[in-house]
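Work through the following exercises with the sequence and the coordinates at hand, and set out each solution step by step.

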Amino acid sequence: MAKALDGVRILDFTHVQSGPTCTQLLAWLGADVIKWKGRGAGHHPRAAARHSDVDSLYFTMLNHNKRSITLDAKSAKGKQVLERLVKRCDVLVENFAPGALDRMGFTWERIQALNPRMIVAFRQGFRSGPVRGLQGL
């Protein structure tokens, strides 16, 4: 049986709760979700309640039904792989602190140059007011 998002490929740059929940729902609807994990990034739920050298149950619950790749986005080789993924994916979902994706070298302009069809979805906690710029998880 076909699902609503069959054939849609999503690059998942999310962490903690809201972002992984969003991309998990998209995966349940049939999207091919590729979860990026930064090398040594310390994804909070990945380490929470961890009793051995494997991902925690919390991380697994938020990220099952996804494929994953671990890359150092600061290295030249890591950036090359991420560029290839941007070219091949339809949607990029991120929930970093404001400007984090830009600092990685993946500004809106760069993403559009690599893939003009790319949809970028972001969930940021605080875009205005006295707590503007703080990260929402």
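**Exercise 1.** Decide whether F96 is buried or exposed.

Solution. F96 has a relative accessible area of 13%, and because buried means under 20% relative accessible area, exposed over 50% and partly exposed in between (1.4 Å probe, protein chains only), F96 counts as buried. This is a predicted model, in which local features need pLDDT of at least 70 and side-chain atom pairs count only at pLDDT 80 or more, while totals for chains, interfaces and linings use all residues. Residues are numbered from 1 along each chain as its sequence is written, and side-chain values use heavy atoms, with hydrogens and water left out.

**Exercise 2.** Determine which residues form one aromatic cluster with F96.

Solution. Rings of Phe, Tyr and Trp (its six-membered ring) pair if their centres lie within 6.5 Å, and planes under 30 degrees apart count as stacked, over 60 as edge-to-face and the rest as tilted. By this rule there are three aromatic pairs. In one of them, F13 and F96 meet edge-to-face, at 6.1 Å centre to centre with 75° between the planes. F13 lies in strand β1 and F96 in the loop between β4 (91-94) and α5, so this pair ties together parts that are 83 residues apart in sequence; helices (H or I, at least four residues) and strands (E, at least two) are DSSP runs, numbered from the N terminus. W36 and F96 also form an edge-to-face pair, at 6.0 Å centre to centre and 85° between the planes. W36 counts as buried at 11% relative accessibility. The cluster therefore consists of F13, W36 and F96.
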